[in-house]
Amino acid sequence: SLIGRLMLDLPEEMGLIAVAVRQTQGKGRGGNVWLSPVGCALSTLHITIPLHSNLGQRIPFIQHLVSLAVVESVRSIPGYEDIELRVKWPNDIYYSDLMKLGGVLVNSTLIETTFHILIGFGFNVNNSNPTICINDLITKFNKEEGTKLKPLSADCLIARTVTVLERLIDIFQEKGPNGILPRYYKYWVHSGKQVRLHSEDGPTAWIVGIDDYGYLQVHEEGKGIESVHPDGNSFDMLRNLIVPK
């Protein structure tokens, strides 16, 4: 709310980020509430994207770039490459395919030929509840592999996420989706997964990937490949089910 009021009064070349220690009125997709205790990495970032650019023509991709940036903020650190952080379409951060530990929410406003983007992201770093956190995964990895990786701080990971995101945006602007998708697929949880559409008794489909606009592509037997839009559908990982909201 604060950044939304400030963003139009700042010089275009100036970046803006708000960082919170905890939040009680966080927002999720579809009106969901996100409660975040101390120990989470919580921030809202303001960026501008030209309408007539690769990313400006594919704004839904921003949430994928942010999710990837969060994962790479950890897995690009030497020694931490095998910490099982992954991305779940369209905007979640997962431990393997088992448990959510973060999410991304993107709001965009088009003013003349510039998108003003507010990116909210939050992920569990040092709080074991209510689900699991990154430092729990590091402790688990140390026990299993006999390593001595140090715990990470929320401040460090927010800074790394923003830095990685800037690089991903530059790559996307230069090369489009194909410059990013190999990195995205490396960390996503859906490769080759079979799902049901609409209901638990619905038709079977296989996840293929995401299209040039960031929508999920599924292959339903006898019907070919179709795209599933995140605003109209929800992905229930526990039941391998894509259902209309």
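This passage describes a sheet, the helices packed on it, and one buried histidine in a predicted model.

The sheet is open and has six strands in the order 1-4-8-7-6-5, with antiparallel pairing. Strand 1 (16–20) and strand 5 stand at its edges and have a single partner strand each, so one side of each is left without a neighbour in the sheet. From one strand to the next, the twist averages 20°. Within this arrangement, strand 7 and strand 8 are joined in the antiparallel sense over ten bridges, and Gly103 stands opposite Gly122 in strand 8. Helix 2 packs on the sheet, where it touches strand 4 (40–50), strand 5, strand 6, strand 7 and strand 8, and its direction makes about 175° with that of strand 5. Helix 4 also packs on the sheet, touching strand 1, strand 4 and strand 8, with a direction at about 25° to that of strand 4.

Helix 3 comprises twelve residues (134–145), which at 1.5 Å a residue should span 16 Å, and this agrees with the 16 Å that separates its end C-alpha atoms. Ile134, Asn135, Leu137, Ile138, Phe141 and Asn142 are buried in this helix; seen down the axis of helix 3, the buried residues fall within an arc of 150°, so they line one face of the helix. Their cover includes helix 2 (61–75), strand 7 (99–111), strand 8 (114–124) and helix 4 (154–175), whereas Lys143 and Glu144, on the other side of helix 3, are exposed. Just after the helix, Gly146 takes a positive phi of about 70°.

His190 lies in the loop between helix 5 (181–187) and strand 9 (194–197). Because its relative accessibility is 1%, His190 counts as buried, and its side chain reaches the backbone nitrogen of Trp89 at 2.9 Å.

Key. Residues numbered from 1 in each chain as written. Predicted model: local features only at pLDDT ≥ 70, side-chain atom pairs only at ≥ 80, totals over all residues. Heavy atoms only, no water. Helix = DSSP H or I, 4+ residues; strand = E, 2+ residues; numbered from the N terminus. Expected span 1.5 Å × (residues − 1). Buried < 20%, exposed > 50% of the residue type's maximum accessible area, 1.4 Å probe, protein only. Arc of directions from axis to C-beta. Contact = heavy atoms within 4.5 Å. Polar contact = N/O pair within 3.5 Å; in protein donor to acceptor, adjacent residues only side chain to side chain. Pairing = 2+ DSSP bridges. Axes fitted to C-alpha atoms, helices over the stretch in contact; angles between N-to-C directions.
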